[in-house]
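Student: I would like to go through this protein step by step, and I would be glad if you showed me how each answer is reached.

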Amino acid sequence: MLGCANSDVHTATYQPDDELVVLAHGLGRSDWAMWRFAQRLENANYKVCRLDYATIGESVDTVLTQTTAQIDSCILHAPKVHFVGHSLGGLVIRAYLQQNIHKFSNASLGEVVLIGTPNHGSELTDHLNDSWLMAIGGGISRALVTGSNGLGNQLEELDINLGIIAGTKPSNLTSEYFIGPNDGLVSVESTKLKSMSDFIAIEVGHSQMRYNLEVAEQTIYFLQRGAFK
């Protein structure tokens, strides 16, 4: 479940009408966690760059340094770039764009979709924050708390075309830690940003979002049209 990370992302060759999707996985995963999602994007004629970065035991700075280098390599010479992130992957994308938005023109930056991203932290992380599990998880895991210390709350809201997908299928194991609708790890309210262009909630649990057909179809629809179906 922890996965392995490989930061060796090779620069691709693009045609003038190619559209690239940078696909970012969540905490404790690797690029293989997004294989099905990547396949569906490729079937919709997108080029896909799956990021592959270590998270467990890593600091926030280490994760962002890894992913920045990989994204820079992926997008080199790409005519148009979209971003799709699941869970922590959405925060990775927001952090990258905050620091590197100058690298894109209006034509080269496409749509951004965040899926189950704890933009305002996770109540479950709050509950576990003093546990041995978080000690193993490292700084990036602790950064998923709610409140001002959370990574998501420290990031700026950008003027981009942003779609957000939230899950509404809770877990019996974690439901006591949430007040409102949630996907078992992240509340629906935590996913929302004031700057979002569109929002949709789908009845799916957090981990299954990356395999769910409706999530993938809505993501592709947003990439194509700038709004959810």
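Student: In this predicted model, which side chain meets that of Lys103 in a salt bridge?

Tutor: A pair counts as a salt bridge when a side-chain nitrogen of Lys or Arg is within 4 Å of a carboxyl oxygen of Asp or Glu. For Lys103 the N to O distance in its pair is 2.8 Å, so the cut-off is met. The partner of Lys103 is Asp72.

Student: How many residues apart in sequence are the parts that this pair ties together?

Tutor: Lys103 is found in the loop between H3 and strand E4 (109-115), whereas Asp72 belongs to helix H2 (residues 60-75). Because the two residues sit in these separate elements, their pairing ties together parts whose distance in sequence is 31 residues.

Student: Is Asp72 buried, partly exposed or exposed?

Tutor: Buried means under 20% relative accessible area and exposed means over 50%, with partly exposed in between. The relative accessibility of Asp72 is 27%, and Lys103, its partner in the salt bridge, has a relative accessible area of 38% and is partly exposed. Asp72 therefore also counts as partly exposed.

Student: How many salt bridges does the structure hold?

Tutor: One of them is the pair of Lys103 and Asp72. Lys192 also forms a salt bridge, with Glu189, and there the closest N and O atoms are 2.9 Å apart. For the structure, the number of salt bridges is 2.

Student: Which side chain of opposite charge is nearest to Arg94?

Tutor: Arg94 lies in helix H3 (residues 88-100), and it is buried yet has no salt bridge. A salt bridge needs the nitrogen and oxygen within 4 Å, but the nearest side chain of opposite charge to Arg94 is 5.6 Å away. Arg94 does touch several residues distant in sequence, among them Leu114, Asn119 and Leu193. The nearest side chain of opposite charge is that of Glu157.

Student: What is the approximate area of the nonpolar surface patch that includes Leu27?

Tutor: Leu27 lies in the loop between strand E1 (19-24) and helix H1 (35-43), and it is partly exposed, with a relative accessible area of 31%. Together with Ile56, Trp132, Leu133 and Ile136 it makes a nonpolar patch on the surface, whose area is about 480 Å².

Student: What is the radius of gyration of the protein chain?

Tutor: The C-alpha atoms fill a box of roughly 50 × 35 × 30 Å along the principal axes. For 229 residues, a compact globule would have a radius of gyration near 17 Å, and the chain agrees with this, its own value being 16 Å.

Definitions and conventions. Residues numbered from 1 in each chain as written. Predicted model: local features only at pLDDT ≥ 70, side-chain atom pairs only at ≥ 80, totals over all residues. Heavy atoms only, no water. Helix = DSSP H or I, 4+ residues; strand = E, 2+ residues; numbered from the N terminus. Buried < 20%, exposed > 50% of the residue type's maximum accessible area, 1.4 Å probe, protein only. Lys, Arg positive; Asp, Glu negative; His and termini not counted. Contact = heavy atoms within 4.5 Å. Patch = residues over 30% accessible without salt bridge, like charges linked within 9 Å, V, L, I, M, F, W, Y side chains within 5 Å. Areas by Shrake-Rupley, 256 points an atom, 1.4 Å probe, with all protein chains shown as cover. Rg over C-alpha atoms; globule rule 2.2 N^0.38 Å. Lists of a residue's contacts leave out its neighbours within four places in sequence.
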